[in-house]
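Let's take a walk through this fold, one piece at a time. Keep the structure open beside you and follow along.

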Amino acid sequence: MISKAKIKFIKSLQLKKNREQTHLFLAEGYKLVGELLAKQRAHTIVATHEWIENQSCVQANEVIEVTQEELKKVSLLQHPQQVLGVFPFFQTGNDTIDISALTLMLDGVQDPGNLGTIIRIADWFGINDIFCSHETADLYNPKVVQATMGSITRVRLHYVSLVSVLKQLPEDYPIYGTLLEGNNIYDEQLSTNGLIIMGNEGNGISTEIRQLVSHPLRIPNYPPDAATAESLNVAIATAITCAEFRRLSK
C-alpha cells in the first residue's frame, strides 16, 4: 500500500523545480525501469506484486508493493505498466567535446517528445554525447524520459553555453548545421567525426550559432520543384542526417 504523502511526493516530480531540488526523476514501465536499474540504484520503486515476483533482486532504497489500481493513482501514464521508479540524476562527467567522435548539438529543441526521440536516435547511431542549449527541453521531464525508451542510460546530455563550447573547438573541426539554405546532404562529403547542430522546431538554428557553422546542410524535398511540407520534424531530420553520416562512414 502507498501513502498519500508518497503519492504527493512522486507526483511533485512532474515539475522541473522539484526535480532540481531533489535531484530525482520519474520513469515508468518494466523495460525502461529495468534498464535504469541495471545502471544505478533506485531511490524508490512502486510496483505490482507480479513485477516484484519476477525480479531476483531490486536495487532500491525503498520498494512499495501496490495493486494495479493503486499504481494508477501515482502513474503519469494512461495505462501504467506494472512499475514506476524514482531515480537519482546521472553524473555526466566533463563538458568537453570529443573531437574524434560524431556529436550532436541541440539549439533550443523545446518539445519533450522530440528530445526523447533524438536521444533514442543518437543511441541507435552510436552517438554518445548531445550538447544542449539551456533553452532545450529538460532531460528529466517525464515525457522525455519515456520517449527515450531506455536510451537515456547510454547517451549523455550536457546543458551548456553553445557559443562558448563552439568557440573552443579547433579551427578545422567540422561543424555541420541543418539549414534551409544549406548544401544538399547527399552531395556532400561527410566526415566520420564532427558536430551536427539541429535547431529549434519553429526557428531553426539561431543566428549567433548559424554564423559558426562551417558546413551547412539541407535535406532536399522531392521532387525539388514541388510544393511540399514547409519543413521536417526536427527528430525526423536528425534521424535522416545521422543515417547519412553513418552510411558514408562505413
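Start with a pair of helices: H6 and H10 cross in a right-handed way. Bear in mind that what you're looking at is a predicted model. The residues that make this contact are Asn 114, Thr 117, Ile 118 and Ile 121 on the H6 side, and Val 234, Ala 235, Thr 238, Ala 239 and Cys 242 on the H10 side. Sort them by class and you get 6 nonpolar, 3 polar and no charged residues.

How do the two helices sit against each other? Two packed helices are described by the angle between their axes and the distance between the axes. Here, H6 (residues 112-124) and H10 (residues 234-248) pack at about 15 degrees, and their axes are 9 Å apart. Angles under 35 degrees count as roughly parallel, so H6 is roughly parallel to H10.

Now for the sheet these helices pack on. It's an open sheet of 6 strands in the order E7-E6-E5-E9-E8-E10, with parallel pairing. E7 (156-159) and E10 (215-218) are the edge strands; each has a single partner strand, so one side of each is left without a neighbour in the sheet. On average, and ignoring direction, neighbouring strands here are turned by 35 degrees against each other.

Zoom in on one edge of that sheet. E6 (residues 129-132) runs parallel to E7, and 4 bridges join them. Look for Ile 130, which stands opposite Leu 157 in E7. H6 packs on the sheet too, touching E5 (102-107), E6 and E7, and its direction makes about 175 degrees with that of E5. H10, meanwhile, lies across E5, E8 (175-184), E9 (194-199) and E10, running at about 160 degrees to E9.

There's another sheet to find, earlier in the chain. This open sheet has 4 strands in the order E1-E4-E2-E3, and its pairing is mixed. At its edges are E1 (24-28) and E3 (63-66), each pairing on one side only. The twist from one strand to the next averages 20 degrees.

E1 and E4 (residues 83-88) run antiparallel and are joined by 5 bridges, with Leu 26 standing opposite Val 86 in E4. Helix H3 (residues 30-39) lies across E1, E2 (44-48) and E4, at about 30 degrees to E4.

What does the record say about this stretch? An unreviewed UniProt entry lists residues 26-93 as "domain: RNA 2-O ribose methyltransferase substrate binding". Over residues 26-93, the chain is 32% helix and 26% strand, and the end C-alpha atoms are 22 Å apart.

Note on methods: Residues numbered from 1 in each chain as written. Predicted model: local features only at pLDDT ≥ 70, side-chain atom pairs only at ≥ 80, totals over all residues. Heavy atoms only, no water. Axes fitted to C-alpha atoms, helices over the stretch in contact; angles between N-to-C directions. Helix = DSSP H or I, 4+ residues; strand = E, 2+ residues; numbered from the N terminus. Parallel < 35°, antiparallel > 145°, perpendicular 65-115°, else oblique. Left-handed = near helix turned anticlockwise from the far one by under 90°. Contact = heavy atoms within 4.5 Å. Nonpolar A, V, L, I, M, F, W, Y, C, P; charged D, E, K, R; others polar. UniProt positions renumbered as here; feature names shortened; annotations may be inferred. Pairing = 2+ DSSP bridges.
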